[in-house]
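Work through these exercises with the model open beside you. Try each task before you read its solution.

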Amino acid sequence: MSKHPTIEEHLKASGVSRRNFIQLCATLMATAPVGLALTGKKSVLQVAAAIGKTRRPSVIWLHFQDCTGCTETLLRTSTPDVAQLILDVISLDYHETLMAASGAQAEAALRSAMKENAGKYVLVVEGAIPTNIDGRFYEMGGRPGIEALREAAAQSAAIIAIGSCASWGGVPSADPNPTGAVGVDSVISGKPIINLPGCPPNPYNLLAVVLEYVTMGKLPELDEYRRPKFAYERVIHDNCPRRAHFDAGRFALAFGDEGHRKGWCLYKLGCKGPVTHASCSTRHFNEIPGVWPIGIGAPCLGCTEKGVVWQLATFDTVPIHLVTPPDTYPAVVAQTGKFKAGAAALVGIAAGAIGGAALMAGKRLPEQAGVAANEEPPDELGKPGSKNA
Ligand code: SF4
């Protein structure tokens, strides 16, 4: 095998089955439009062929002020096979948590990886960069971490800031931010930088960006915060499985209450899903459907949004900016918790007027009969002139 094998060659030499590789490619196609970007190839076999003949991308991974949660999310898949497969597809040439070397040996490994892959490696940065007292809140190899970052960034092909800390400061930057923690793009310029915020982010988003970049030689389309649109274009609220409860005005009001036990909307418990751009509601964690915060009954903290998580209290509600179906629905009567038949008819007419929503209303009406008496009317949500912009 050559010193720089293709992904296919490496997988073959490592004994990875083709079936597992095809499964990984299928997951990537579902995660990101990486398949579509690969010169228009649309079948999973075509995508696997295009990825397979690419050389394993060299990745250098540096840690700064972080909890290592982003690394954990890469490794803690439900089956060890998947984590191993990810590590087979990329060439992780330097990673302080995973490598055996330490001290001078680790420094030598970093320099060697940078020299051997100069101009070609993807630099992944985990953690916020401390800037106060000349960056000396974090030292690496005897020099301020920020200097190590600048050196590694200078020779990289592109930089991926993984996690909220590397993207914009995250937890370490919470008020009063004693270390002057900032994201990578506050201290590095002149290189392509992609932010993958999340606490933690989904590892498939990282893999999709790396493979698209090395296979196509271009970055995926980014939004104004340098986040790839394929993963961050929509708010969680758009695809949340509890959305029907939000629309119908069914809210959990306390942890463990009837609404919480029944899987109702968590907005009134502080869910930030309506303002949080991320793919968590469609791409879950640990390969297990339903394993993501809202899926297990915890309100979304808004970890992918700068200025939301660690700035707002977890129980604070966020303003709803978009007019939502509750505007067109009559309020649930708190005393009885039931719709009247006449009101139900009006619901259908009003919802139909906004294009197809009548069908949704028809589906929901049978469920309305079970609305609990502890429920508040939804009119404080979604009404122009109240919390709505
Ligand atoms: Fe889901 Fe939160 Fe939106 Fe409710 S407010 S539908 S729990 S994202």
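A helix here is a DSSP run of type H or I with at least four residues, and helices are numbered from the N terminus. Keep in mind that this is a predicted model.

**Exercise 1. A residue with positive phi in a helix**

Task: Find the helix that holds Ile-133, then decide whether Ile-133 is buried or exposed.

Solution.
Step 1. Ile-133 belongs to helix α8, which covers residues 132-135.
Step 2. Take the cut-off: exposed means over 50% relative accessible area.
Step 3. Ile-133 has a relative accessible area of 56%, so Ile-133 is exposed.
Step 4. Now look at the backbone. Phi of Ile-133 is near 40 degrees, a positive value in a residue other than glycine.
Step 5. Set that against the general rule. Most residues other than glycine have a negative phi.

**Exercise 2. A positive phi in a loop**

Task: Place Thr-68 between its neighbouring elements and classify its exposure.

Solution.
Step 1. Thr-68 sits in the loop between β1 (58-63) and α5 (69-75).
Step 2. Its phi is near 70 degrees, and this is a positive value in a residue other than glycine.
Step 3. Buried means under 20%, exposed means over 50%, and partly exposed lies in between.
Step 4. Thr-68 has 21% relative accessibility, so Thr-68 counts as partly exposed.

**Exercise 3. The whole chain**

Task: Describe the protein chain in numbers, from its elements to its surface.

Solution.
Step 1. Count the elements. The chain has 16 helices and seven strands.
Step 2. Check burial. The chain has 389 residues, and 51% of them count as buried.
Step 3. Check the contacts between residues at least 6 apart in sequence. Of these, 74% join residues at least 24 apart.
Step 4. Check the surface. The accessible surface is about 17,300 Å², and carbon and sulfur atoms account for 57% of it.

**Exercise 4. Far in sequence**

Task: How many residues separate Leu-28 and Val-209 in sequence, and how many Å separate them in space?

Solution.
Step 1. Start with Leu-28. This residue lies in helix α2, residues 18-31.
Step 2. Its relative accessible area is 1%, so Leu-28 is buried.
Step 3. In sequence, Leu-28 and Val-209 are 181 residues apart.
Step 4. In space, their C-alpha atoms are 9.9 Å apart.

**Exercise 5. Two cis peptide bonds**

Task: Locate the cis peptide bonds that lead into Pro-176 and Pro-200.

Solution.
Step 1. Recall the general rule. Most peptide bonds are trans.
Step 2. The bond from Asp-175 to Pro-176 is cis, with omega near 15 degrees.
Step 3. Pro-176 is in the loop between α10 (163-168) and β7.
Step 4. The bond from Cys-199 to Pro-200 is cis too, with omega near 5 degrees.
Step 5. Pro-200 is in the loop between β7 and α11.

**Exercise 6. What does Asn-202 reach?**

Task: Trace the surroundings of Asn-202 and its side-chain polar contacts.

Solution.
Step 1. Asn-202 is in the loop between β7 (193-196) and α11 (203-216).
Step 2. Its relative accessible area is 6%, so Asn-202 is buried.
Step 3. Its side chain reaches the backbone nitrogen of Tyr-204 at 2.9 Å.
Step 4. A polar atom of that side chain also lies 3.1 Å from the backbone oxygen of His-284.
Step 5. Set aside neighbours within four places in sequence. Asn-202 is then in contact with Arg-283, His-284 and Phe-285.

**Exercise 7. Aromatic rings**

Task: Which geometry, stacked or edge-to-face, does the pair of Phe-246 and Phe-251 show?

Solution.
Step 1. The structure holds four aromatic pairs.
Step 2. One of them is Phe-246 with Phe-251, at 5.9 Å centre to centre.
Step 3. Planes over 60 degrees apart count as edge-to-face. Here the angle is 90 degrees, and the pair is edge-to-face.
Step 4. Phe-246 has 1% relative accessibility and counts as buried. Phe-251 is also buried, at 1%.
Step 5. Widen the view. Phe-246, Phe-251 and Tyr-267 form one aromatic cluster.

**Exercise 8. Around the ligand**

Task: Which residues come nearest to the ligand?

Solution.
Step 1. The ligand has 13 residues around it.
Step 2. His-237, Cys-240, Cys-265, Leu-266 and Cys-271 come nearest.
Step 3. Sort the shell by class. It has nine nonpolar, two polar and two charged residues.
Step 4. Follow Cys-240 outward. Cys-240 is one of the residues that Ser-281 touches, beyond those up to four places away in sequence.
Step 5. Ser-281 is in the loop between α14 (258-261) and α15 (341-353). With a relative accessible area of 8%, Ser-281 is buried.

Note on methods
Residues are numbered from 1 along each chain as its sequence is written. This is a predicted model: local features need pLDDT of at least 70, side-chain atom pairs count only at pLDDT 80 or more; totals for chains, interfaces and linings use all residues. Side-chain values use heavy atoms; hydrogens and water are left out. Helices (H or I, at least four residues) and strands (E, at least two) are DSSP runs, numbered from the N terminus. Buried means under 20% relative accessible area, exposed over 50%, partly exposed in between (1.4 Å probe, protein chains only). Contact means heavy atoms within 4.5 Å. Accessible areas come from the Shrake-Rupley method with a 1.4 Å probe; for residues, only the protein chains shown count as cover. Rings of Phe, Tyr and Trp (its six-membered ring) pair if their centres lie within 6.5 Å; planes under 30 degrees apart count as stacked, over 60 as edge-to-face and the rest as tilted. A residue is near a molecule or strand if one of its heavy atoms lies within 4 Å of it. Ala, Val, Leu, Ile, Met, Phe, Trp, Tyr, Cys and Pro count as nonpolar, Asp, Glu, Lys and Arg as charged, and the others, Gly among them, as polar. A polar contact is a pair of N or O atoms within 3.5 Å; within protein, one must be able to donate a hydrogen and the other to accept it, and residues adjacent in sequence count only if both atoms are side-chain atoms.
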